[in-house]
Amino acid sequence: MQPPVKYEPTIESLNRHPLPRWYAGAKLGIFIHYGLYSVPGWAPLLHPEHDFRNPDYIKNNPYAEWYYNVMRIDGSPTQAYHREHYGANFNYYDFAPMFNAANKKWKPEEWAKVFRAAGARYVVLTTKHHEGFTLWPSAVKNPTLLADRQHAERDVVGELTDAVRKQGMHMGLYYSGGYDWTFVPGPIKTPSDYQSVKPESEAYGAYANAQIHELIERYHPSVLWNDIDWPKTGKAMEVEADYYNAVPDGVIDDRFGIAHADFTSPEYQKLDQISEKKWEECRGLGRSFGYNRAEGEAETIAPADLIALLVDIVSKNGNLLLDVGPEADGTIAPVQMERLQALGAWLKQNGEAIYDTHPWERAVGQTVEGDDLRFTIRAGTLYITVLGEPKARTLTFEGIAPRQLTKVEVLGRRGYLKWKADGDNLQVALPEHLPGSDAYVFKLTSYVR
Ligand code: GLC
């Protein structure tokens, strides 16, 4: 389908938007949750899973970015934490001067270098989360917050956008269209509140519409990542058409409440088979998107599991939007830095099997020896990733029938490996030492017909 010269605010016109190659091939993005909640940076660790509809979950929400909501639920651990550390009468928005003071130490170029070294091809920053505070000096005045509580003193969005683009990555922006606790404060205490606390007034619709247009015009984001929903009074289709007309190779997520999206956005969920529709799993390195000082090794995904997660997602036509929750002064916790460095080191050696690849006829396979495999292809080359340590010195890849001229090698090591066909299987003798760790990629050139 030819993209329209000018997008109109209709589903028909929006659905003619082609998925840009940069996004289809990027595979890894870094999500950043940064805001007033980064000051207290705390949430209970009682719920390892994310069963959002469980009332006990809402009271013990592991999402530290929901601090303001949970601190107002009587008897919640977050309320107790707040009273103990700040006092019962400390108003949440009084974190603003503390945020601005800490943010003075923040170095956007350092973040950008860390994300680039982790192998990310794009970054998505929270510009306004459910709390309503903005990370750019919006000209659209918030009707309820005091003047010096509305937005960060620095143009955090602008500074990071420049730093990220300088490192050759795309810059995307998150906006919480569906919740704004300065318009409808809630709190959300029961599953039915998830719907009733969504602001739908004319005033909020106009406010959200004006702010997202401001973000589009000021920063031309490559990803428009709206969260929760979009107010019916906020003209979602107009927003999306204006966005594509301003950023034709931009992409939009599926949380605007209308039947158009460039990608779906499962959260802390991966798919169990190849999806024709592009998708992007978003999740934290731990259980939270915002910084949670209570999280340590046990709560943070292990490097080998993180690498396996990325390979699994890519083999099924997905991207991973991996979240970092920095402290208010911009510090990224060592436990998070370590995972980013491990992922970067792995992608440095094996990125060829990830970036700009496509799913093969199947995503998952195994060896006769019991190894777990994932497949990706690009330009006639099949990449077979063995997740974890190989279970034998000779591996028999089930249902892989090489052609005479197929060459087999391991990424990160020079030289071809000996192989022989064994019925419908491919048998490969492994070299003494396999380069790298956690997962190993076998490259089969001129395999795919
Ligand atoms: C959910 C959470 C929100 C988080 C978002 C990221 O909507 O409410 O806190 O920012 O997911 O996917």
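These notes go through the fold, the ligand site and two backbone details of a predicted model.

1. Overall build. The protein chain carries 13 helices and 15 strands. Its C-alpha trace spans about 70 × 55 × 40 Å along the principal axes.

2. Compactness. What radius of gyration does the protein chain have? The value is 23 Å. A compact globule of 449 residues would come out near 22 Å, so the two agree.

3. Where the ligand sits. Start with the pocket. The ligand occupies the largest one. Around the ligand there are 15 residues. His33, Glu65, His129, Asp227 and Glu267 come nearest.

4. Make-up of the shell. How do the residues around the ligand divide? Eight are nonpolar, three are polar and four are charged. Glu65, Asp227 and Glu267, listed among the nearest residues, count as charged.

5. Polar contacts. Three side chains are worth checking on screen. Histidine 33 places a side-chain N or O atom 2.6 Å from an oxygen atom of the ligand. For tryptophan 66, the distance from a side-chain N or O atom to a ligand oxygen is 2.9 Å. Aspartate 227 also has a side-chain N or O atom 2.9 Å from an oxygen of the ligand. Each pair falls within the 3.5 Å cut-off for a polar contact.

6. Cover. How much of the ligand's accessible area does the protein cover? On its own, the ligand has 300 Å² of accessible area. The protein covers 96% of that.

7. A cis peptide bond. Look at the step from glycine 186 to proline 187. This peptide bond is cis, and its omega is near 5 degrees. Proline 187 belongs to the loop that runs between strand E3 (170-176) and helix H9 (193-196). In general, most peptide bonds are trans.

8. A positive phi. Which sign does phi take at asparagine 317? It is positive, near 70 degrees, in a residue other than glycine. Asparagine 317 lies in the loop between helix H12 (303-315) and strand E7 (318-324). Most residues other than glycine have a negative phi.

9. For a second look. On the ligand side, revisit histidine 33, with its 2.6 Å pair. On the backbone side, revisit the cis bond before proline 187 and the positive phi of asparagine 317.

Conventions
Residues numbered from 1 in each chain as written. Predicted model: local features only at pLDDT ≥ 70, side-chain atom pairs only at ≥ 80, totals over all residues. Heavy atoms only, no water. Near = heavy atom within 4 Å. Polar contact = N/O pair within 3.5 Å; in protein donor to acceptor, adjacent residues only side chain to side chain. Areas by Shrake-Rupley, 256 points an atom, 1.4 Å probe, with all protein chains shown as cover. 1 Å grid on protein atoms, 1.4 Å probe; cavity = no way out; pocket = protein on both sides within 12 Å on 5 of 7 lines; lining within 4 Å. Sits in = over half its atoms within 2 Å of the grid points. Helix = DSSP H or I, 4+ residues; strand = E, 2+ residues; numbered from the N terminus. Rg over C-alpha atoms; globule rule 2.2 N^0.38 Å.
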